[in-house]
Amino acid sequence: MPDDLILRVAVPAPLRQTLDYLPPPDATPAAAAGMRVLVPLGKRRVMGVVVEVVSGSALSGGKLKHAIAFPDPEPLLPPDILDLCLFAARYYHAMPGEAVVNTLPTALRSLPKAVIRTPRQWCATPESGALPASALSRSPRLAAALAFLREQGTASDAACRLAGIQPAHLRSLQARGLAFSEPFVEPVDKSAVGFETPPAPPRPSPAQEAALQALSGTSGGFCCSLLEGVTGSGKTEVYLRLIEGVLAEGKQALVLVPEIGLTPQTRQRFVQRFGSKVGVLHSGLGDRERERTWRQAATGQLRVLIGTRSALFTPMPDLGVIVVDEEHDSSFKQQEGFRYSARDLAVYRARQRNIPVLLGSATPSTESLANCRSGRFRHLELPERAGGASAPSTRMLDIRGQTLDGGLCAEAIDAIGSQLGAGNQVLVFLNRRGWAPVLSCSDCGWMADCHHCDARLTLHRARNLLWCHHCDTRMPAPASCPGCHSARLLALGAGTERTEHTLQRHFPSFPVRRIDRGTMQGIAAMDRLYEDTVSGEPCILVGTQMLAKGHHFPAVTLAVIVDLDGGLFSADYRAAERTGQLLVQVGGRAGRAERPGEVIVQTLHPKHPWMERLLQGGYRAFIDPILAERESRGLPPFGHMAVLRVESPSERSATELLDSLKRQLRKSFPDLELTGPVPAQMARRAGRYRIQLLLRDARRAPLHAALEQACRLLDAHRFSAQERWQVDVDPLEGG
Ligand code: ADP
Ligand code: ZN
Ligand code: ZN
């Protein structure tokens, strides 16, 4: 290898640049972009990724350190993934380490451990079938081991061990030509497949047929389509058919779903259709499983990969289509660190690979609708619920002046009772965990506030805790008022815990199941809930957002929305869009099969114009005026926006820093619209003031140039250990 080669390495450290290293002293294999490389960084050794190999000058070479080793014989990241990560780092003004290294599965980011034995599986050879019964009569253990393998077909190391078979016996069978071993292949998730034979796929409806026709016209080239259709209209069926076609051409498919949209039903439908070709990347996987699935997709062994946000960065050599389900969902945007949008990057990746991308939703985002209007996306629609199910009817319940019990008014409780009586299931949605959002003293007016945030502590009664949902501060709930020692403490308002309790009191003979982050940890809990519920016995599901996404509970006929009002008066320009989407999504859970559904919305503002439009004209009538308003105000998706946020224990120093930044940006970019510095939506969180500067421009280029300058200035600023700053491009919140 020539001496003057230099490796540009992305390292997992808060650095805006790549670092230069000389190749490892014994540089075998040859250096190439996309390789993992172990490098010294200060006193540590870290796993980086080679972004570029360049010939350096003798001058810089003298001071450079050598990398330590390449752990793999060849690049782990193919050029397209490296390019995607580097594009994302530039676009989101992220650190290369965040975009290139931290998007790898954890197991691939850690330092190499002692040799990891890859698990194997064992099978009996065909010849073993011809073995006379007496042949192994003198070694009963070998005979038993062989009988076990013949019975099992294939058995993993672990299964053999469990059956009491020692490795030596297996090796002995192998030596006699009676058994062989091969690398272990994960069996298909049996729990997801179910035991019945899968139902035959339904015949596509005319609308599905038309959508598929339009999509097949694009096969091969880049094209972006939006598939709009209410929940239950058969979007997933369209994805499945589309993917079938792509697989038949020998290509792979990538399906992105929201954080909690990876439901047992979704997995089951894909596995039923495509069997062991399907891999799933979800948060419930261990590091090793995640690495295995990632590698299987990268070698082409898996043909369909379903996963949440970060699955986008998985290498897939034969990628032929990308599907983004529930594309409006905010979980596609990472909210900390590397603040990328997996939906938007999916479009980049599709263009890069010159393949089609399909975004689906019952409530498309304003971004995607604007892209349809401008002709960048094609708009495909599924106008009706599949299989003849009718749409739910929605009714506003005016709760002004009413006494609420666990957040529910009497009429809502009656409606729940009559549905249960008729043998149906009911879903109750409220976006607040815990027992009550406010604990207050009725004598002196004291309220339980978080000392670190501009927020109240939530009372969790079962655990007897006051808990800040923003900074995670927890403390025992007091028995008397800390201010005046009065025992008359009042829990005001309702969260899921209290509503669950109230419903259980009213309907003691029906199960009430609570679904929130407190009760649903991990994918297994969700699977159990689904199994309990899908049986169809009457029950009540009480829950937060988690209930609103992707779940199909066919026996639910009534959805009660306890409170949507918070979203109606938010300062955030996106609040309307989010609130409408939530209402439609929750409503979409009701009445999916033969039974018609009903949605009840409790509100203090029954005549709010958004609500009226939504109820009378549906999502489109609701969202069109919102788009028009955004356009007239130059707000996204019609203009471009970014937020620079400084967090500091001192409100003044954060504000002053952003003020001076604003002055400098104003000089260089006189046309850029700068708002602030202003406090973020929660002005103080975890002991730090959060101050932000909003940048807006009709064009992307000047906005990005300004961000580049701002990041340079902020990088050069000396922050104290308690301070931090962030840049958020295309933010989901921000004013
Ligand atoms: P979405 O993804 O829009 O919510 P799905 O594809 O899950 O809709 O379809 C909803 C239900 O209707 C599913 O049970 C599905 O099997 C069924 N379905 C979909 N397409 C058809 C069709 N063409 N004929 C009959 N049933 C269908
Ligand atoms: Zn008091
Ligand atoms: Zn707090």
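# Exercises on a predicted model

Ala145 touches Ile165 and Leu173, leaving aside residues up to four places away in sequence. The model used in these exercises is predicted.

## Exercise 1: Ala145

Find the element that holds Ala145, and decide whether Ala145 is buried or exposed.

Step 1. Ala145 sits in helix α5, which spans residues 140-152.

Step 2. The relative accessible area of Ala145 is 1%. The cut-off for buried is under 20%, so Ala145 is buried.

Step 3. For a long-range distance, take Arg267, which is 122 residues from Ala145 along the chain; the two C-alpha atoms are 35 Å apart.

## Exercise 2: Leu82

Determine which residues Leu82 touches, not counting residues up to four places away in sequence.

Step 1. Locate the residue: Leu82 belongs to helix α2 (residues 79-91).

Step 2. Check accessibility: Leu82 has 6% relative accessibility and therefore counts as buried.

Step 3. List the contacts, with residues up to four places away in sequence left out: Leu82 touches Ala33, Gly34, Val49, Val50, Val51, Leu77 and Val100.

Step 4. Add a distance: between Leu82 and Arg295 there are 16 Å from C-alpha to C-alpha, at a sequence separation of 213 residues.

## Exercise 3: Arg343

Identify the residue whose side chain is joined to that of Arg343 by a polar contact.

Step 1. Arg343 is part of helix α13 (residues 342-353).

Step 2. With 10% relative accessibility, Arg343 counts as buried.

Step 3. Beyond four places in sequence, Arg343 touches Val324, Glu327, His328, Phe332, Leu359, Ser365, Glu367 and Ser368.

Step 4. The residue sought is Glu327: a polar contact of 3.0 Å joins its side chain to that of Arg343.

## Exercise 4: Zinc ion (ligand 2)

Name the donors of the zinc ion (ligand 2), and work out why the arrangement is tetrahedral.

Step 1. The donors are the SG atoms of Cys441, Cys444, Cys481 and Cys484, at 2.2 to 2.3 Å.

Step 2. The angles between the four donor atoms around the zinc ion (ligand 2) run from 103 to 113 degrees, and the arrangement is therefore tetrahedral. The ideal angle for four tetrahedral donors is 109.5 degrees.

Step 3. Along the sequence, the donor residues of the zinc ion (ligand 2) follow the spacing C-x2-C-x36-C-x2-C. Cys444, in the loop between β17 (438-441) and β18 (458-460), and Cys481, in the loop between β20 (474-476) and β21 (489-492), are 37 residues apart, and the pair links distant parts of the chain.

Step 4. Compare accessibility: Cys444 is partly exposed at 42% relative accessible area, whereas Cys481 is buried at 1%.

## Exercise 5: Zinc ion (ligand 3)

Carry out the corresponding analysis for the zinc ion (ligand 3): donors, angles and spacing.

Step 1. Cys450, Cys453, Cys468 and Cys471 coordinate the zinc ion (ligand 3) through their SG atoms, at 2.2 to 2.4 Å.

Step 2. The donor atoms of the zinc ion (ligand 3) subtend angles of 103 to 114 degrees, which makes this arrangement tetrahedral.

Step 3. The donor spacing for the zinc ion (ligand 3) is C-x2-C-x14-C-x2-C. Because Cys453 lies in the loop between β17 and β18 and Cys468 in the loop between β19 and β20, the pair ties together parts that are 15 residues apart in sequence.

Step 4. Cys453 counts as buried at 2% relative accessibility, and Cys468 is buried at 0% relative accessible area.

## Exercise 6: Strand pairing

Give the order of the three strands in the open sheet that contains β19, and find the bridge partner of Arg514 in β23.

Step 1. The order is β18-β19-β20, with antiparallel pairing. β18 and β20 are at the edges and have a single partner strand each, so one side of each is without a neighbour in the sheet. From one strand to the next, the twist averages 30 degrees.

Step 2. β18 and strand β19 (residues 465-467) run antiparallel and are joined by three bridges. Thr458 has Trp467 as its bridge partner in β19.

Step 3. Turn to strand β22 (residues 512-515): Val512 and Arg514 point one way, Arg513 and Ile515 the other way, and all are buried.

Step 4. β22 pairs with strand β23 (residues 540-543) in the parallel sense over four bridges. The bridge partner of Arg514 in β23 is Val542.

Key
Residues numbered from 1 in each chain as written. Chains lettered and ligands numbered in written order. Predicted model: local features only at pLDDT ≥ 70, side-chain atom pairs only at ≥ 80, totals over all residues. Heavy atoms only, no water. Donors = N, O, S within 2.8 Å, 3.2 Å for Na, K, Ca; no water. Tetrahedral: all angles 85-135°; square planar, octahedral: opposite > 155°, others 65-115°. Helix = DSSP H or I, 4+ residues; strand = E, 2+ residues; numbered from the N terminus. Buried < 20%, exposed > 50% of the residue type's maximum accessible area, 1.4 Å probe, protein only. Contact = heavy atoms within 4.5 Å. Pairing = 2+ DSSP bridges. Axes fitted to C-alpha atoms, helices over the stretch in contact; angles between N-to-C directions. Polar contact = N/O pair within 3.5 Å; in protein donor to acceptor, adjacent residues only side chain to side chain.
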